Amino acid sequence: MPLIVFKYFNFIHYNVVDALNKLGVEMQLTGLNWAIPIGISFFTFQAIGYYLDCYHNRIKAEKNAIDYTLFVCFFPQIASGPISKATELLPQIKRKDIFIFSKAKDGIRMIVWGLFLKLVIADRLGMCVDTIYKGFEIYSGFTCFIGSVFYSLQIYCDFAGYTYLALGIARMFGYDLINNFRQPYFSISITDFWRRWHISLSRWLKDYIYIPLGGSRCSRIRNYWNIFITFLVSGIWHGANWTFIIWGIFHGVVQILEKQFNMQAYQGNRMSIRCIRIIITFLLVNFAWIFFRMPSIDDAMNYIEHMITTGGSFNMESTGLTSLFVLTISLAILLLRDILAELRSPIQSYLNNTVVSVAVMTTLLAFILSVGVLDNSTFIYANF
Amino acid sequence: MQTSRVMRKFLLYIFAIAASLIIVDRAFGYANQYMMRRSSGGQTFCQNYVCFDSNEDIIMMGSSRMRHHYNPIIIEDSLGMTCYNAGEDGAGIILNYGYFKMITNRYLPKLIIYDVTNFDMYVGDDNSKYLGWLRKFYDEPGIKDIVCSVSKSEGLKNISYLYRYNTRCIATLADFIHPVRSYVKGYSPIEGILNYDPKQNNYDERVADSLKLNYLSKLIDEAKERGVMIVFLASPQYDTYEGNSYYHPVESLCEQKKVPFWNYFYCPVLSGNKLFFQDREHLNKEGSTIFTNMIVDRLKSLVE
């Protein structure tokens with residue numbers, strides 16, 4: 001109830017009043033002008049998950065009020081997740097902690113990597129995205145397409161940056177939280193994408209919406225309906241705007257089509273096919289993010305129309321040479337790191353060497369301080 | 001015992017990172033200072049020239065509108081006085097007051113021409129964005145006070161050279177390795193004409209920024225005190241209309257301080273004519289030539 005009131009009251013109110021006005025009923029209700037509690041979407045889902053696990057006897061109800069409160073309000077994750085399960089976090093809360101050097105070192109590495117993603121990549125991309133999206137009518141279609149790609153990368157780095165900060169802080173204290181990302185833009189289908197993007201939310205939706213509705217253990221049509229409802233809920237959860245609902249429905253419909261034509265996975269070995277599928281999946285996700293970014297469906301459609309119908313080359317003034325230079329280097333670092341993670345390369349184990357670790361951390365921190373966007377900024381997912 | 005040994009190991013690890021970072025920070029700072037002073041082209045050269053080497057009679061200050069709208073050669077030829085265009089893209093009074101301090105620490109120009117924009121009057125982006133240009137000069141007299149007036153934490157942050165040269169280090173490196181001299185006494189004419197219909201700007205939804213207006217006031221007071229003439233201008237914009245009150249804050253300030261303010265924001269000759277603009281806010285080469293010629297007679301009578 002608090003989530004619905006704080007987050008959706010104004011959206012529901014506006015649409016009801018608008019519909020009534022269109023029917024000729026002139027009505028004006030009082031809107032809600034309250035500040036939204038930080039992280040309400042996240043800790044509400046975490047609490048609901050705990051409640052449903054208790055209800056279905058998956059876990060025993062927690063008797064210790066302090067442990068339960070700490071579970072719901074665990075500070076590294078309260079702002080924007082990840083959404084933890086009681087079976088993961090409560091035992092760690094109850095454990096008698098000892099300080100573990102390797103975990104603390106890992107924690108520092110994650111924090112620095114999170115700062116790199118957020119301050120060097122996401123915020124710099126954000127400057128370019130704001131310039132292009134705000135005045136897209138004056139830019140070429142190709143520039144607008146690059147703007148949309150920049151936004152796809154911005155939202156990934158912004159949210160992943162936050163996640164690594166949360167994971168790193170928790171790890172320093174000896175707690176292991178679920179990682180929300182697993183190289184999502186290497187997905188070979190939208191179904192695969194949701195196993196790599198915002199993993200804790202996908203897991204929550206699967207366990208508490210999709211499976212209770214019947215999951216895939218039902219008729220085909222019912223299964224498609226379950227997928228549709230799950231992603232409709234996902235869209236609604238992300239924000240009180242029709243654009244998020246369209247975004248959620250788009251992802252749901254594409255997954256239904258993938259299931260219909262057996263395109264969710266690729267079992268073959270041909271790298272060329274895998275690469276083509278990665279590119280197509282990225283383009284689909286990229287397209288949907290336009291609705292996520294724009295304030296209204298009309299704005300999103302205008303942007304897409306302009307992107308498709310207007311010719312011309314990339315306008316450098318939309319980004320600036322300095323930003324392009326910094327982004328080229330930092331995105332190359334990100335790509336290298338994600339490729340190594342995807343291939344589960346043993347190179348990453350070299351970071352366990354203290355000298356190598358100190359050198360890498362120092363380099364990254366110097367890079368962050370010298371080219372990171374250090375003015376006041378916020379996280380995109382803090383809005384949800 | 002075990003925990004304290006592990007904790008000690010962790011603290012040593014943190015200390016090793018911090019020590020390495022301090023060494024890198026200092027080296028980075030010295031490298032940037034070296035490159036800055038030896039750049040012979042680009043924005044770095046222009047800034048260095050304005051702050052440390054300029055000696056012109058007339059210094060023109062402002063944002064990109066100053067840089068692209070005012071031709072110093074025309075002014076030099078008409079007035080018989082040397083002139084330099086110190087306009088800087090995206091700059092506002094917070095940076096330009098810093099320039100004023102560094103210039104007047106060395107010599108007193110006869111006239112300052114200041115092109116006013118929203119960066120000098122209204123709340124917009126975070127004021128910290130203007131410090132990006134100024135932090136490089138943090139150790140110069142008067143600059144630290146300006147930087148710290150925007151944010152109290154700047155005093156602590158500027159201990160780090162990596163922070164001081166944040167992002168600007170790229171331009172400094174580029175100007176050191178591959179100097180490009182494309183400016184004419186700081187002036188940079190732009191080619192092209194406006195080829196779209198710009199969205200109407202809402203000039204009413206603006207809130208005056210007290211910090212910026214305070215610095216404008218300080219600039220006027222200190223210029224007068226040191227015998228430097230100062231004139232404020234609003235150069236033409238494409239989509240303006242007669243009687244707009246966009247420059248009301250500066251108009252009031254100039255009236256109060258008894259300094260001239262010449263408002264060409266709506267200019268019947270130039271505004272509304274796409275041939276003279278490269279975009280909504282910037283005159284192209286032809287437009288800037290017409291505009292500069294328009295103001296030189298007034299400047300001549302001001303100076304005489």
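**Figure 1. B:Arg26 and B:Asp25 form a salt bridge in chain B.** Their closest N and O atoms are 3.2 Å apart in this view. The model is predicted. B:Arg26 is partly exposed, because its relative accessibility is 30%. B:Asp25 has a relative accessible area of 6%, so B:Asp25 is buried. Elsewhere, salt bridges that share partners build one network. A:Lys103, A:Asp106, A:Arg109, A:Arg171 and A:Asp176 are joined in that network. Over all chains, the structure holds 26 salt bridges.

**Figure 2. A salt bridge joins A:Lys94 to A:Glu62.** The closest N and O atoms lie 2.9 Å apart. The pair links distant parts of the chain, 32 residues apart. A:Lys94 sits in helix H4 (residues 86-94) of chain A. A:Glu62 sits in the loop between helix H2 (40-55) and helix H3 (65-72) of chain A. Which label fits A:Lys94, buried or partly exposed? A:Lys94 counts as partly exposed, because its relative accessibility is 44%. A:Glu62, at 18% relative accessibility, counts as buried.

**Figure 3. A:Arg203 pairs with A:Glu88 in a salt bridge.** Here the closest N and O atoms are 2.3 Å apart. A:Arg203 belongs to helix H8 (residues 199-213) of chain A, and A:Glu88 to helix H4 of chain A, so the salt bridge ties together parts 115 residues apart in sequence. A:Arg203 counts as buried, at 17% relative accessibility. A:Glu88 has a relative accessible area of 27% and is partly exposed.

**Figure 4. A:Thr230 is buried within chain A.** A:Thr230 lies in helix H9 (residues 220-238) of chain A. Its relative accessibility is 5%; the cut-off for buried is under 20%, so A:Thr230 counts as buried. Which backbone oxygen does the side chain of A:Thr230 reach? It is that of A:Asn226, at 2.7 Å. Leaving aside neighbours within four places in sequence, A:Thr230 is in contact with A:Leu205, A:Ile209 and A:Tyr210.

**Figure 5. The largest nonpolar core has 150 residues.** A:Tyr185, A:Trp197, A:Trp289, B:Ile94 and B:Phe232 touch the most other members. Helix H5 (residues 101-134) of chain A gives the most to this core, with 17 residues. Another core, of 26 residues, lies apart from it. Among the residues of that other core are B:Tyr70, B:Met81, B:Leu111 and B:Phe277.

**Figure 6. B:Ile94 meets partners from other parts of chain B.** Neighbours within four places in sequence are left aside here. B:Ile94 is then in contact with B:Asn127, B:Tyr130, B:Leu131 and B:Leu134. Its contacts also include B:Ile146, B:Val150, B:Leu211 and B:Tyr215.

**Figure 7. Chain B meets chain A.** In this interface, 27 residues of chain B are in contact with 30 residues of chain A. The two chains bury about 2,300 Å² between them, 73% of it on carbon and sulfur atoms. B:Phe10, B:Tyr13 and B:Ile170 supply 26% of the area that chain B buries against chain A, more than any other three residues. How many salt bridges are there between the chains? The count is 0. The count of residue pairs in polar contact is 6 (both at pLDDT 80 or more).

**Figure 8. Helices H1 (2-38), H9 (161-164) and H10 (168-177) of chain B each give two or more residues to the side that touches chain A.** H1(B) gives the most, with 13 residues. By type, the residues on this side of chain B divide into 16 nonpolar, 6 polar and 5 charged.

How values were computed: Residues numbered from 1 in each chain as written. Chains lettered and ligands numbered in written order. Predicted model: local features only at pLDDT ≥ 70, side-chain atom pairs only at ≥ 80, totals over all residues. Heavy atoms only, no water. Contact = heavy atoms within 4.5 Å. Buried area = accessible area lost by both parts, 1.4 Å probe. Salt bridge = Lys/Arg side-chain N within 4 Å of Asp/Glu carboxyl O. Polar contact = N/O pair within 3.5 Å; in protein donor to acceptor, adjacent residues only side chain to side chain. Helix = DSSP H or I, 4+ residues; strand = E, 2+ residues; numbered from the N terminus. Nonpolar A, V, L, I, M, F, W, Y, C, P; charged D, E, K, R; others polar. Buried < 20%, exposed > 50% of the residue type's maximum accessible area, 1.4 Å probe, protein only. Core = buried A, V, L, I, M, F, W, Y, C linked by side-chain atoms within 4.5 Å.
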